[in-house]
Amino acid sequence: MSTRLPKGGRLIDRTKPLNFTFNGRRMQGYQGDTLASALLGADQMLLGRSFKYHRPRGLVASGAEEPNALVGLGTGSRFEPNQRVTTTELFEGASAASQNHWPSLEFDVGAINNTFGRFLPGGFYYKTFMFPRFAWKHVFEPVIRQSAGLGKVPQDRDADRYEYAYGFADLVVVGGGVAGLAAALQAGKEGKRVLLIEQTAHWGGRAPVDGVEIDGRPAEDWVKATVEALGKMANVTLRTRTMASGLYDHGYLLAYERIGDHTPGDGRPRHRLWRIRAGHVVTATGAIERPLSFAGNDIPGVMLAGAVRDYVVNWAVSPGDRTVVVTNNDDAYRTALALTEAGLIVAAVVDARASVTGALPDAVRAKGIRVLEGRGIAKVKGTKRVTGVSICAQAGEGAEIEEIDCDAIAMSGGWSPVVHLWSHCGGKLIWDDARAMFRPDAAKPPTGDDGMSMVTAVGSANGALTADEVLADVAKQMGGKAAKTNSVAEAALEPVWIMPQGAGPQLKMKMWLDYQNDVKVSDVQLAAREGYHSVEHTKRYTTLGMATDQGKLSNINGLAVLSDALSQAIPQTGTTTFRPPYTPISMGAIAGEARGDIFQPLRKTPMDEWHGANGAYFEPVGLWRRTYCYQRPGEGVHEAVNREILNAREKVGMLDASTLGKLIVKGPDAGRFLDMLYTGVMSTLPVGKCRYGLMCNENGFLSDDGVVVRLSEDTWLCHTTSGGADRIHGWMEDWLQCEWWDWKVYTANVTEEYAQIAVAGPNARKVLEKLGGMDVSAEGLPAMEWREGVLGGCRARVYRISFSGELSYEIAVPASEGLALWKALIAAGEEFGVMPYGTEAMHIMRAEKGFIMIGDETDGTVIPQDLNLNWAISKKKADYLGKRAQERSHMASPDRWKLVGLETLDGSVLPDGVYAVADGVNANGQRNVQGRVTSTYYSPTLKKGIAMGLVKHGPDRMGEVIDFPADGGKVFKAKIVDQVFYDKEGAKQNV
Amino acid sequence: MLILDCPYCGVKAEETELQAGGEAHLKRYGPGSSDEEFDGYMFMRKNPKGVHFERWRHAYGCGKWFLAARCTATLEVFGTYPAQTSAPPADLQAKIKSKRPNWEGYK
Amino acid sequence: MSITRAMKRYSAFAIAREAMSYHQNWEEAWRSPAPKPKYDVVIVGAGGHGLATAYYLGKNYGITNVAVIEKGWLGGGNTGRNTTIIRSNYLQDPSAAIYEKARSLFEDLSQDLNYNVMFSPRGLLMLAQTHHEVRGYRRTVYANNLQGVATEWIEPKRVKELVPIINLDGPRYPVLGALYQARGGTARHDAVAWGYARACSAMGMDIIQQCEVTGIRSEGGKVVGVNTTKGAIDCGKLGLVAAGHSSVLADMAGFRLPIESLALQALVSEPIKPCMDVVVMANTVHGYMSQSDKGEMVIGGGTDGFNNYTQRGSFHHVEETVRALIETFPMISRLKMLRQWGGIVDMTGDRSPILSKTPVENLFVNCGWGTGGFKAIPGSGWAMAELMARGHSPLTEEFSMYRFREGKFIDESVAAGVAH
């Protein structure tokens, strides 16, 4: 059984017990425990079920590489699936539950897949489930989906908050082991701005566990002293619980700080996502131990040798009472020594190497432990817990030589440098045959914006193995002098990719490579046999390395097995691509604070508050919110809109038009510039007058429209659509800076500096006159002119322009005076029946008048000529943006669909977007069409449906009736009519 | 996550401050040009895997358009320069040539 | 011709049979031959589109003396890096025709190829979150119905029934309804490439991986062959089907294509139990999501903004996408991102593909699928094969590379701001 040892545990505080539950059972651990060490200390070895075969699984590792031990953590709005217990710090009241089983962890029906495992080899689903055809979606897939998927689905809205932070450093050192500390110390001494980050809560990495001594003192003391020294340097920042998740181009390093995971609900953000710009990155990310591939290597109790050592030394937890160590290298002997030191039994060290000598094996032998040379494990005995091992010759086929009783196995297949950050931005790896590892190729580093290396790998991350090598590597690459350590010489490891070497298919079907995804040696060999030779093919065919640990334990072993199957060298096989994040990071952290109301910036007009208080039903228009209509108590949206229209037509209405884009264009060449920008002529517009203008993109399509105002001899004001201001301003600057840079023109976007109010309706003039201060008479301010003055006490510019067809004034005042003017107009208008109206009423009134709307009549494929707007296109001008494009054959074609009005024969409202059909079908069997509806409304003014649409040869077909098939077989018959439905003569606006 | 030096305000600008604008040094063809010329100007953009000259706007900064020489295969930035020029500066071209001897040169 | 004569059929029975010998006797899914000196047709690019083109050349036109050459590993480009969405709810007629052809071929593809590509018509929703979008999608439904594409407009209540984890009432962009294609869905992307590759190989076609094209040879304006890292190969006809690298190949043939190469990113969460059976696209906030059979939430967004051949993108796009999806599906806030990646997409001036003859006789190009290529694979291959075999195809008629010169665009951004 696994137990808490009576003494020891360098990271735990036995005076601070912590209570937690696992699957509802109450357990106890200590401050400093991980959930993993606490569970193990409570003899909970069985922690989960695997993905495919639902095999019982326990801990394999002690860190981020753990593939098996994932739990659902927390409850309700703080529940999170797939939490890795090895990287979860224990806290009081933690509630964990195992995953992927039914009905219980101990008895899981899904384990039947294990029994039939032989019939479910890698990629089996590509070869079956094909008949009958409907069965994939309706039978097989639902079953597969239900049995796959690991954790439970969070149900509630996340109760936690998350934040971003920004960091800048000359040098970011990733990893707080002795290599990272030494590197940071050296850079700190050189005066560089250094940021040192460590993913766990502790400094020092493996060295204190491995009994390293530096400069004659225990590594723990050296670490403490070094951290203190770094802490005193003003140019050095230290941060624990912060994992470098990804390195992106130009030195952009993303780091994930787990602030509140171990103190849930304390009000602090849960995670902080650091966006760091690093001058250079040092990866001191260490190495990860590789498992050995022997039959039954996934049975709970089989663990990495280094992890066993960690549990004993760091947390005083023994994975078992009687352990067999199996290895191909010297390092694992440290585990045998650590176990003995803790008073535990090591039944034997099984070493695949034929002859084992050296300081570490000798030390083990001196403790009286058997060292079996040239031996391997034929298979592990036990199901939910190791009960023993069958020993065989490594060189053989698995014939049992002896059986050894044990309840834990500590395995080591060598170490692989953590090269993820090095690789994210294209750093290359080389295969080191002597050490059997891929390590960073210093000649092919990831490069930054200057084309120079942006990463240096040091220590174990660079392939160094002993403490001496690690510190020497740091000194060599970072400068300074390496400290001396107590490292002893270690014999070379012998690559062992399967155990025993001659194992047959039956054993290989029990050798796990990828624990979580249940990928075995036999699966990789099958992929190779079937032609999936690329490492990417094998990965995808078998799912090797695609689990939530992203193959940290399995990738190297897998590609070694693949190389062997293909009879090619390992570097020829290569690795799969390393992609961020290093370990999974929360979506919450990625989103940061931008959620709910502040998901995106919200733009409000100066009168927004009034609208909100007066029944506004808002709609988003770009980032703006605008009032769609003002609802009165008990009133529906459509009733409100109709009321607003009738009131404006009969009395007077007010629209908040502040969102309209307002761009100043000024300078000696401003007129010439606007003549290029607009299809019409703006240079001839007299001061004091207004003119409607159209803008096209260079591809000829209509992109924006609005009224242009000449403010003075060299100054124009261009109104744009609400969504278009920033876009059109950028467009103007583009041409001025990149094409006509010698033209003397200045532009400014003054959209938000003004509030703008449209007052429209027969009583509009009366309202303004009541406010007083300006001559707004028919003679004093004729249509399409503007005047400046003081209106009701506000400094105002009044334009006599109309988008509704009514007598209409648009009044612009400084934004700060907008609300005051709005209220003043409401008050002054009361006796004349004033009501505010929203965007929908505006849309309908303009449609009644046959005015086009950008985004309705246009959709990026429409040119002004399609909309019968030739009157706004100058024939005289040699050039304007879009003119050349409009000369192309398809754009000049007489067969283009053109704008007309449409009226149903029965007065009903045509559906939005409906198409008019023509006879027959096209070459692809699609029904031929001849037009479509672009705007359609019920007109309360005319008491019937009105619409505009684009119809082939439309203007030549007045009076013709065409068919619009709509939902449920209903066909609308509509007559082609003039697009102006209301006040064709324009009498109402010209009074 | 690119960083480009804005040649106007001198700021080392982050990608999120910038707006990409496609190929630089386009010659505009207006009325009177042939269909081929206009098509070439509008759509037949250079799309090299390697050295590329392109337009950027320091949109959330000084607002200026500028030009950059950048490698699309490694994202190395060779230099940035003002937009008011019809060809890359000679010293920049020489710098690129020294770093990429196989570069065919600006056409 | 029947593909079953040449290879052992896959079935549950075959698995049981092979299990008896511990799966030691499965044959290769495709051969890996050395190139022959000459083929009737050479296709450059062994992604889904290239392999499908070869497959339908064989199946529909009996042309089997074909090589598909690939500089990396087959299916290793965008075929193996997309978010596997299949839909045909396009607005413009030419798009709807080719995407619906593809979607309908997907329905029987597993049976046709004898390889389970796991086509799952689980239903696809495009959310409308502004009034403008409501109008756009209603228009699409009307267009689709005339095009023979089955889509419908659904109200928020039905959206919630189909997607229980959705938040209909976001403070900024409440869901106003959706464009729903019940027979849209997903398929297993790698399997599509592998299935076509296996079927092509069985017809005697050569799939040559790790073979990069270094030059394109033509004589008198006619293409005659390609030079590769595995030697010169002559051909009667040549098809360039190489997505992000099409410009580089066109340059070798002496012409330019109206495309630019950009990075497109995607990401997956850690796997969880089934919680969303349909595919949801939210174009206003810019993100889309489905759940894979493994349980991962598969997430994508828009493209990066600048020319890029690195297959890596910028992180702020991932942030924007995740933010958008947390607004739409609040529960994903407590999931974790497992992996993010990028691909290179080739974007044309109107964001629609090019299937076209070129200035070089007998040289054809199939590219420009932008962000939406996976869903088109069977239809694209079918149409490209017809174009190459017969010289014209009604499905490719409007997708000529010369359409830009005429101002005849196929613009889909009208209905959907976000691609995919």
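The chat below walks through a predicted model, chain by chain and contact by contact.

User: Before we start, what kind of model is this, and what pLDDT do local features need?
Analyst: This is a predicted model in which local features need pLDDT of at least 70 and side-chain atom pairs count only at pLDDT 80 or more, while totals for chains, interfaces and linings use all residues. Residues are numbered from 1 along each chain as its sequence is written, and chains are lettered from A and ligands numbered from 1 in the order in which they are written.

User: OK, how many helices and strands does chain A have?
Analyst: Chain A has 23 helices and 52 strands, where helices (H or I, at least four residues) and strands (E, at least two) are DSSP runs numbered from the N terminus.

User: And what is the radius of gyration of chain A?
Analyst: It is 38 Å for chain A, whereas a compact globule of 991 residues would have a value near 30 Å; the radius is taken over C-alpha atoms, and the globule rule is 2.2 Å times the number of residues to the power 0.38. Along the principal axes, the C-alpha atoms of chain A fill a box of roughly 115 × 70 × 55 Å.

User: What about chain B, which pattern does it follow?
Analyst: Read along the sequence, chain B goes β-β-β-α-β-β-β-α. Its radius of gyration is 14 Å, close to the 13 Å that the globule rule gives for 107 residues, so chain B is as compact as a globular protein of that length.

User: How many residues of chain B are in contact with chain A?
Analyst: There are 23 residues of chain B in contact with 22 residues of chain A, two residues being in contact if their C-beta atoms, placed from the backbone, lie within 7 Å. Helix H1 (35–42) and strand S4 (51–57) of chain B each supply at least two residues of that side of chain B, and the largest share, three residues, comes from H1(B).

User: Switching partners, how many residues of chain A are in contact with chain C?
Analyst: In that pair, 91 residues of chain A are in contact with 87 residues of chain C. On the chain A side, the largest share, six residues, comes from helix H3 (residues 135–147) of chain A. By class, that side of chain A divides into 40 nonpolar, 28 polar and 23 charged residues, with Ala, Val, Leu, Ile, Met, Phe, Trp, Tyr, Cys and Pro counted as nonpolar, Asp, Glu, Lys and Arg as charged, and the others, Gly among them, as polar.

User: Which strand of chain C is joined to S33 of chain A, and is it parallel or antiparallel?
Analyst: Strand S33 (residues 585–586) of chain A is joined by two bridges to strand S16 (residues 336–348) of chain C, and the strands run antiparallel; strands pair if DSSP finds at least two bridges between them. A:Ile585 stands opposite C:Met337 in S16(C).

User: Back inside chain A, which residues make the contact of H12 with H14?
Analyst: Helix H12 (residues 521–529) of chain A packs against helix H14 (residues 555–565) of chain A at an angle of about 45°, with their axes 9 Å apart; axes are lines fitted to C-alpha atoms, for helices over the stretch in contact, and angles run from 0 to 180 degrees between N-to-C directions. A:Val521, A:Val524, A:Gln525 and A:Ala528 of H12(A) make the contact with A:Gly558, A:Val561, A:Leu562 and A:Ala565 of H14(A). By class, this contact has six nonpolar, two polar and no charged residues.
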